[in-house]
Structures are given as C-alpha cells and as structure tokens.
Amino acid sequence: MQESRLFKIVYYLLDKGQTTARKLAEEFEVSVRTIYRDLDALSAAGIPVYAETGRNGGIRLLNDFVLDKAVLSTDEKQEILAALQSLNIMQDIDGSRTLQKLSAMFQLHSDNWLEVDFSGWGKEGFDKEKFGLLKSAIIRHKTVKIHYAGSYKEISVRTIQPHKLSYKAKAWYLKAFCEEKQDWRTFKVNRILDVKILNESFSPRSFPETTENPVEEYPLITLRFPAEMAYRVYDEFDNSQIQRQTDGSFIVSAKMPEDAWLTGFLLSFGTQVDILSPAYLKETVARQAKFIYEKFKS
C-alpha cells in the first residue's frame, strides 16, 4: 500500500507542481505525519522532493524532474508502455490517456506495435463489460454472483470470491473461491453468462498452486492429418507433438482426456483425420458420427 501511495505522490507533484503536506494528507486520506514519512522515503530512494517554508513555500519536486530519473531502466519503461498499448479490453479505462501521461513522464515514445483484444468475435461489448467487472471485483476484493454454464447441461448461480484471471490454452479462466462448495474452483470466462458485484468484501487468499501435471494422467492419442490440414494442426497442437512426414502429412501424438470433448474435437476435422491409436477410440468416434447421421437424416 505504501509503495502505491509513494508513486501516486510523485505523480501528484509532477501534475500539480507544488502542494502542502496537509493537502497531500487529505488527498491520500492519511495523517500529515504519514505524509512526512513518505517524503523521507522518497528522498531516501533518490527522488528529489523537498519542502520550502514561508508564504510561498510548499512541497515540490526539483525543477525539470521527470520519472526518467527514477529506478526504471529504459527497457523497463518501454515494456510498461508496450503493455499498456497491448490492452484493448475494458471500457472504463482510458488506455490512451494513461499511455500519454506515462510517455510524458518517461520522456519516451513507444511505437504501437502490438494489440491484444480479449473480446470474442461479435461479443465485444459484453466481453469488455464482463472483464471490467471481474477485474474490479478482484482488485477491490468484492464477492461476485455469476450465472455459469457448467459441463453437465445446467446453468448454476454461484457466489464466488474472485482472485485471479488466467489465460491458458487459448482460453481465459477465473480462479475463485466458491462459497457454495467452500472450495477453490476454476471457471471458464466464456461460460460466465452474467456477472454482478455484491457489497460483501472478502480477505484475499492464496490460490493453491499444484506442481502436478494432469496431462500425464491422460492416454496418448496418435493421429494422422493430410498436408492440407496444416493450418488446423499448428493451431491445435504444440510443435513438439507434431511430426511432418515426407509426403507432407502430419503424425500427431498428444495426451488428451477421453471424454465428450475429445470426440467432438476429432469430429470437427471431418474426414481429414485418421485415428491411429488407441484403436477403441475409432469405434467411439464412429458411433457418435453414426448418431449424428441418423439424427439429421430423420
């Protein structure tokens, strides 16, 4: 908390030019004594902040001081600017204005070479609103009520304590403590249909990280794809799982869960995939394909 306030004090002085300890105390809702301790900490860190007494006195930074004189290296400042440029997600944040302020303080210009948009095609408004609400709840430690489409056809209403947004395997997930289950759960953000921030606050917890690799428990699936499926093969599999054959085809070996998702995944390739092993997986996919045929035939 103190480190955040120290940075805000520096920015406040850069913006206002000069102020008083009392005004800073009111601005950051702390005591005047705390402000003087913060000023001592800034001075010790090499920030040229000082106070002048008298009628026109006050607290200010050395003339022409910019954040460039602080501890951040040029590469670190460029990384910060690039990170801001990359995010195009929440409507309640004016990224360009923040970028402009930091560029001025850093006395740097960063080319806009990267853009990341977390919203799905045709869902920009809702996705931005959803991410904005989840981010706000995580930062403010507010309990959230969500409507969630689970794996067993039901849509459940959960009250959760959101802790972290995580991106993995082409999808966003929310790590949260579920009050109903009294345990940690990971929710796929695409399946969160509605988000409402509640008034109740919670104390932050540490999400239990596991060192186990669940992929090791899955069976090894070996597949063959023709050369024209290169775009899908490299979209769906890691390069270490792919072997390019002399005829241009691909042999893919990957450990995957044997469930309804896998069957649907393999069917999405149509006739452009051969299941080499395990043999019984062929029968599973064939039965599902026959069921689909009979359904649409009738």
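Here is a short chat between a biologist and a modeller about the structure above.

Biologist: Happy to look at this with you; what kind of model is it, and what pLDDT do local features need?

Modeller: Residues are numbered from 1 along each chain as its sequence is written, and side-chain values use heavy atoms, with hydrogens and water left out. This is a predicted model in which totals for chains, interfaces and linings use all residues, side-chain atom pairs count only at pLDDT 80 or more, and local features need pLDDT of at least 70.

Biologist: Let's turn to the helices; how do H2 and H3 lie to each other, roughly parallel or roughly perpendicular?

Modeller: Helices (H or I, at least four residues) and strands (E, at least two) are DSSP runs, numbered from the N terminus. Helix H2 (residues 21-28) packs on helix H3 (residues 32-44) with axes 8 Å apart and an angle of about 100 degrees; axes are lines fitted to C-alpha atoms, for helices over the stretch in contact, and angles run from 0 to 180 degrees between N-to-C directions. Angles under 35 degrees count as roughly parallel, over 145 as roughly antiparallel, 65 to 115 as roughly perpendicular and the rest as oblique. So H2 is, relative to H3, roughly perpendicular.

Biologist: Nice! Which residues in H3 does H2 meet?

Modeller: Contact means heavy atoms within 4.5 Å. From H2, the residues involved are Ala-21, Arg-22, Leu-24, Ala-25 and Phe-28. In H3 they meet Val-32, Ile-35 and Tyr-36.

Biologist: On to the open sheet of five strands; which are its edge strands?

Modeller: Two strands pair if DSSP finds at least two bridges between them. The order in this open sheet is E7-E6-E5-E4-E8, with antiparallel pairing. Pairing on one side only marks the edge strands, E7 (183-188) and E8 (192-201).

Biologist: Within that topic, what stands opposite Lys-145 in E5?

Modeller: Strand E4 (residues 142-149) and strand E5 (residues 155-168) run antiparallel and are joined by six bridges. Opposite Lys-145 stands Thr-159.

Biologist: And Leu-134, is that residue buried or exposed?

Modeller: Leu-134 belongs to helix H6 (residues 124-140) and touches Leu-165, Leu-174, Ile-192 and Val-195, not counting residues up to four places away in sequence. Buried means under 20% relative accessible area, exposed over 50%, partly exposed in between (1.4 Å probe, protein chains only). With a relative accessible area of 0%, Leu-134 is therefore buried.

Biologist: One last stop: what is the relative accessible area of Thr-222?

Modeller: Thr-222 sits in strand E9 (residues 220-225). Among the residues that Thr-222 touches are Ile-251, Asp-274 and Leu-276. Thr-222 is buried, and its relative accessible area is 12%.
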